[in-house]
Amino acid sequence: MNRRLRLGMVGGGQGAFIGAVHRMAARLDDHYELLAAALSGDPDRAAASAAELRLPRSYSDFREMARLESARPDGIEVVAIVTPNHLHAPVATAFLDAGIHVICDKPLALTLGEGQALAALAKRQQRLFAVTHTYSGYPMVRHARALVAAGELGELRYVQVEYLQDWLAEPLEASGHRQAAWRTDPARAGQAGCLGDIGTHAWHLAAFVSGQLPKALSAELHTFVPGRRVDDHVQVWMRYPNGARGSLIASQVASGEENRLVLRLYGSRASLVFSQEEPNQLWFTPLAGQAQRLTRGRSVSSAATHATRVPAGHPEGYLEAFAQLYTDAALRIHAMQAGAAPPPETDDLPCVEEGVNGMRFIDAVLDSHRAGGAWIPF
């Protein structure tokens, strides 16, 4: 930990949204130095994007980048993948084959088979493969997970998660909007539109905090905007092994909503409610008791403390949550390089296994929808 990790990036050039978020997150806790990137497949745009970021080395071919960087004594040690979905698997494969650790945006791949192949390759190569399910980086989400694991809710009875946006309520892709264009293109986003884009975030948050995966689900997809080639609204019912029930709604056509990700957990003794738009608080309500507003900085658990940077009353938000994943990844990579066990405080980092579960979720939802909402084993 006495030096920064050498970081590379694929994707995230001029006009991209998530690439800038990754770069800010990587810089926040000062564990990385961005040295090389293939910011675009177009050589001119890649060079111009790299010049804006003052990067020492620029590439337009990610395979060439993986090959040349792995051959340098000062080459990158970890790569951030911030491309459209269809490139996640080929880019990750190239860098894992070159012996380079991976931090990848979600969803993990286009298909479950691709995801499983990536998990197997990361294991063979003994390299970290982190997946940026951002919301698991919030201190109060990690505190909620710790409360559930400690049995504070009693037996889990109902899991409810919703992720609502309105930015695709109109055919934005027809106007030339780059982010909308690739997210609604099955060739680049995959078969799952809203399902893959934000449905996987809702799915992961519910699983992360509850500590459970359903045994079966029933789902319906819908496309509200005429001419759109992928879903823009998702509804899922879930059955858990202990008898609990669950529901998940994800929509990108919910007029008036900005980024409303809300998780509610109901147990036999108490409930928890977390809202991403107010991430510094968590509501805990005992059965027949008073609702308690738990706040970041005053909620004492090792998980929350590890993910907290500033004193109580000073808000932490989306970028800090994203940065927490980068920090946990750095701690793990340094431990691997030292031949040591991963620090226990990094156990909350989502890795390739969680990414594979996300692909299983997508497949099960698609199968259920095609079967008219039939219950599909998970």
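How many bridges join strand β1 to β4, and do the two run parallel or antiparallel? Select residues 5–10 for β1 and 78–81 for β4, and you'll find four bridges, with the strands running parallel. Keep in mind as you click around that this is a predicted model.

**Stop one: strand β4**

Stay on β4 and show its side chains. Val 78 and Ala 80 sit on one side, Val 79 and Ile 81 on the other, and all of them are buried, so both faces of the strand are covered. That split fits a general pattern: in a regular strand, side chains alternate between the two faces of the sheet.

Now pick Val 79. Its bridge partner in β1 is Gly 8. Next, add residues 101–104, which make up strand β5. β5 pairs with β4 over four bridges, again in the parallel sense, and here Val 79 stands opposite Val 102. To see how the chain gets from β4 to β5, colour helix α4, residues 88–97: the path goes through this helix, and the β-α-β crossover is right-handed.

**Stop two: Arg 3 and Glu 77**

Time for some charges. The structure holds 20 salt bridges, and a good one to begin with is Arg 3 with Glu 77, at 2.5 Å from N to O. Arg 3 lies in the segment before β1 and Glu 77 in the loop between α3 and β4, so the pair ties together parts that are 74 residues apart in sequence. What about exposure? Arg 3 is partly exposed, at 36% relative accessible area, while Glu 77 counts as buried at 9%.

**Stop three: Glu 173 and Arg 228**

Jump to Glu 173 and Arg 228, another salt bridge, with the closest N and O atoms 2.9 Å apart. This one links distant parts of the chain too: Glu 173 is in the loop between β7 and α7, Arg 228 in the loop between β8 and β9, and 55 residues separate them. Arg 228 has 8% relative accessibility, so it counts as buried.

**Last stop: a charged network**

Finally, select Glu 316 and Arg 296. Their closest N and O atoms are 3.7 Å apart, and they form a salt bridge. Glu 316 is in the loop between α10 and α11, Arg 296 in the loop between β14 and α10, 20 residues apart. Both residues are buried.

Which residues join them in a network of salt bridges? Add Asp 29 and Arg 309 to your selection: together with Arg 296 and Glu 316, they are linked in that network.

Key: Residues are numbered from 1 along each chain as its sequence is written. This is a predicted model: local features need pLDDT of at least 70, side-chain atom pairs count only at pLDDT 80 or more; totals for chains, interfaces and linings use all residues. Side-chain values use heavy atoms; hydrogens and water are left out. Buried means under 20% relative accessible area, exposed over 50%, partly exposed in between (1.4 Å probe, protein chains only). Two strands pair if DSSP finds at least two bridges between them. A crossover is right-handed if, with the strands pointing away from the viewer, the path from the first strand over the helix to the second runs clockwise. A salt bridge is a side-chain nitrogen of Lys or Arg within 4 Å of a carboxyl oxygen of Asp or Glu.
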